[in-house]
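Reader: Please take a close look at how the interior of this model is packed. Start with the aromatic side chains and follow the packing outward from there.

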Amino acid sequence: MNKLLPLTIGYSTLANRAKNIKFLTSVNNLVIVQNPDSALLPTFNAEIKVFELNNRGVAKSRNAAITNTESEYLLFGDDDVEFNESGIVSAINYLNANPDVSILLMQAIDETGKVRKRYPTKSHQLKLTNSAKAATYEMMVRISDIKGASIKFDENFGAGAANYLGDEYIFIADALRSGLKGRFEPIVIATHPTESSGS
C-alpha cells in the first residue's frame, strides 16, 4: 500500500454528475454531493469518503469539505476538473517549505493545454487587490490554519446561491484579514474544460 500524500481533494458535485469525477489514488478523496432531491448516488470505492447534503450551493459543499478534512492540506475539486499529480507534489513541497503560507493559489489549463486565463507571470504574495480572479480548484489550503481562524465560505455566494460569483474572493479576503498569508505560484494544478459545469 503506497503512502498517501498529506492532501485531501474535496470534490463538490451533484448526484447525477458524481460519476464523472476522475480520482487520484495518491491522495485522500472526499466527495460532497449536493442532493436535495435524494437522487440515487453512484457506487464509489470503499476508500472514498462520501457526504451527502440535502441542499444546494457550492459554498456549502466547500465548507463541508473543510469540516471533514483530516489531512494537512485541502484542494477543492469539481466533477469536471482533472488534477495534475506533479503539480500537486510541487504545491505540497512548496507549502511544506513555507509553513507561514496558509493559501496557495495556482493556475489551470484547458483541454488543449492553454492556460485558462491571464495569470500573473511570477509568484507573489496574495493581497486584497490581486486575489479577485481566483477559482476554487486553483487553491490549496493548510487546513489547520483555515480551521484555526474559523474561515468558511460565505454560503450566500457561489454556484447554487443567489449571488452566483464571489465566494472564492470573499474566502481569501476573510483569510487575509484574519492575518493568514497567501501566495500565488505559477504551478499548473489542474485541467479544466473551457465549457465548465460552473458556467
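Author: The answer below goes from aromatic rings to a strand and then to two helices.

The model is predicted; local features need pLDDT of at least 70, side-chain atom pairs count only at pLDDT 80 or more, and totals for chains, interfaces and linings use all residues. Residues are numbered from 1 along each chain as its sequence is written, and side-chain values use heavy atoms, with hydrogens and water left out.

Take the rings. The whole structure holds 7 aromatic pairs (rings of Phe, Tyr and Trp, the last by its six-membered ring, with centres within 6.5 Å; planes under 30 degrees apart are stacked, over 60 edge-to-face, the rest tilted). One of them joins Y11 and F23. Their centres are 5.5 Å apart, their planes meet at 80°, and the pair is edge-to-face. This contact links distant parts of the chain. Y11 sits in strand β1, residues 7-14. F23 sits 12 residues away, in the loop between β1 and β2 (28-34). Strands (E, at least two residues) and helices (H or I, at least four) are DSSP runs, numbered from the N terminus.

The two partners differ in exposure. Y11 is buried, at 1% relative accessible area. F23 is partly exposed, at 26%. The cut-offs are under 20% for buried and over 50% for exposed, with partly exposed in between (1.4 Å probe, protein chains only).

F23 has another ring partner, F44. Here the centres are 6.0 Å apart and the planes stand at 85°, so this pair too is edge-to-face. F44 lies in the loop between β2 and β3 (49-53), so its pairing with F23 ties together parts 21 residues apart in sequence. F44 is buried, with 19% relative accessible area. Add F83, and the group is complete: Y11, F23, F44 and F83 form one aromatic cluster.

Now strand β8, residues 139-142. Both of its faces are covered. M139 and V141 are buried on one side, M140 and R142 on the other. β8 has antiparallel neighbours. Strand β4 (residues 73-78) joins it through 3 bridges, and strand β6 (residues 101-109) pairs with it over 3 bridges as well. For strands to pair, DSSP must find at least two bridges between them. V141 appears in both ladders: L74 has V141 as its bridge partner, and I103 stands opposite V141.

Then the helices. Helix α1 spans residues 58-68, and 8 of its 11 residues are buried, so the rest of the structure largely encloses it. The buried set is V58, A59, S61, R62, N63, A64, A65 and I66. That list includes R62 and N63 along with A64 and A65. The cover over these residues includes strands β1, β2, β3 and β4, plus helices α3 (143-148) and α4 (167-177); contact here means heavy atoms within 4.5 Å.

α4 has buried residues of its own: D167, E168, F171, I172, A173, A175 and L176. Their cover includes α1, α3, β6, β8 and β9 (181-191). So α1 and α4 are each part of the cover of the other. β8, with its two covered faces, helps to cover α4. After α4 comes G179, which has a positive phi near 100°.
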